[in-house]
Amino acid sequence: MKEVTVTARTATRTATRGVLYVHSAPSALCPHIEWAVGGVLGVPVSLDWTPQAAQPGAYRAELSWAGATGSAAAVASALRGWNHLRFEITEEPTASSEGARYSYTPELGVFHAVTGLHGDIMIPEDRLKAAVVKAALGDTTLLVEIDKLLGKPWDDELETFRHAGDGAPVRWLHQVV
């Protein structure tokens, strides 16, 4: 896995690190992903693309990155909305900020969660209260709403793509700390 380091541009702000997992992208999109991510991180990015066994004609890649706090959000914003692209990006917490996890699929859009020191998803109180109210009104069930708050629909859709190709390392995001 490649790693991008902190640059002079990002060194003046709080630095953090994370991992970008491009689970599925058509070959024509690969150089555009590198360009977009490099633009956000402020350094050229060259990913090692490998075939994605779960989707013929698609490729996958991973990038360990370091940069300013908020870089994961900026990368997710730069890549969201691209057809046929599936990705996840994590950002580790710092002394002054919580961590983050973003997941994206063309069908579901972007999922964002705040993560704590150990990678656990932290759900704000008002979002839990809203889920309870929706369930009490009969619009949905509490289990469905909690699953959405935890990103289960995104996890369900991405699970097939998380498996690496033959001989490549397998990384399970729910075990990343």
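The following paragraphs lead through a predicted model, beginning with strand 5 and its neighbours and then turning to salt bridges and a nonpolar surface patch.

Strand 5 covers residues 86-91, and 6 of its 6 residues are buried, so the strand is largely enclosed by the rest of the structure. Its side chains point in two directions: Arg-86, Glu-88 and Thr-90 point one way, while Phe-87, Ile-89 and Glu-91 point the other way. Residues on both sides are buried, and these include the charged residues Arg-86, Glu-88 and Glu-91.

Two pairings of strand 5 can be followed in the model. Strand 2, which spans residues 15-26, runs antiparallel to strand 5 and is joined to it by 4 bridges. Within this pairing, Ser-24 has Arg-86 of strand 5 as its bridge partner. Strand 6, made up of residues 99-105, also pairs with strand 5 in the antiparallel sense, here over 5 bridges. Phe-87 stands opposite Tyr-104 of strand 6.

Strand 5 also leads to the charged contacts of the model. Glu-88, a buried residue of this strand, belongs to a network of salt bridges that also links Arg-101, Asp-155, Glu-159 and Arg-162. Arg-101 falls within the residue range 99-105 of strand 6, whereas Asp-155, Glu-159 and Arg-162 fall within the range 152-162 of helix 6. The structure holds 13 salt bridges.

Helix 6 contains a further charged pair. Asp-156 forms a salt bridge with Lys-152, and their closest N and O atoms are 2.8 Å apart. The two residues are 4 positions apart in the helix and therefore separated by about one helical turn. Asp-156 is partly exposed, with a relative accessible area of 48%, and Lys-152 is likewise partly exposed, at 35%.

Helices 4 and 5 each hold a salt bridge between residues about one helical turn apart. In helix 4, residues 125-136, the side chains of Glu-125 and Lys-129 meet at an N to O distance of 2.8 Å. Because these residues are 4 apart in the helix, about one helical turn separates them. Glu-125 counts as exposed because its relative accessible area is 54%, and the cut-off for that class is over 50%.

In helix 5, residues 142-150, Glu-145 and Lys-148 are 3 residues apart, and so again separated by about one helical turn. Their salt bridge has its closest N and O atoms 3.2 Å apart. The two partners fall into different classes of exposure: Glu-145 is buried, with a relative accessible area of 8%, whereas Lys-148 is partly exposed, at 41%.

Helices 4 and 5 also contribute to a nonpolar patch on the surface, each supplying at least two of its residues. The patch is formed by Leu-128, Val-132, Leu-142, Ile-146 and Leu-150, which together have about 360 Å² of accessible area. Helix 5 gives the most to this patch, with 3 residues. One member, Leu-142, lies in helix 5 and is partly exposed, with a relative accessibility of 38%. Helix 5 thus carries both the salt bridge of Glu-145 with Lys-148 and 3 residues of the nonpolar patch.

Notes: Residues are numbered from 1 along each chain as its sequence is written. This is a predicted model: local features need pLDDT of at least 70, side-chain atom pairs count only at pLDDT 80 or more; totals for chains, interfaces and linings use all residues. Side-chain values use heavy atoms; hydrogens and water are left out. A salt bridge is a side-chain nitrogen of Lys or Arg within 4 Å of a carboxyl oxygen of Asp or Glu. Buried means under 20% relative accessible area, exposed over 50%, partly exposed in between (1.4 Å probe, protein chains only). Patches are made of residues with over 30% relative accessible area and no salt bridge: like charges are joined within 9 Å, nonpolar side chains (Val, Leu, Ile, Met, Phe, Trp, Tyr) within 5 Å. Accessible areas come from the Shrake-Rupley method with a 1.4 Å probe; for residues, only the protein chains shown count as cover. Two strands pair if DSSP finds at least two bridges between them.
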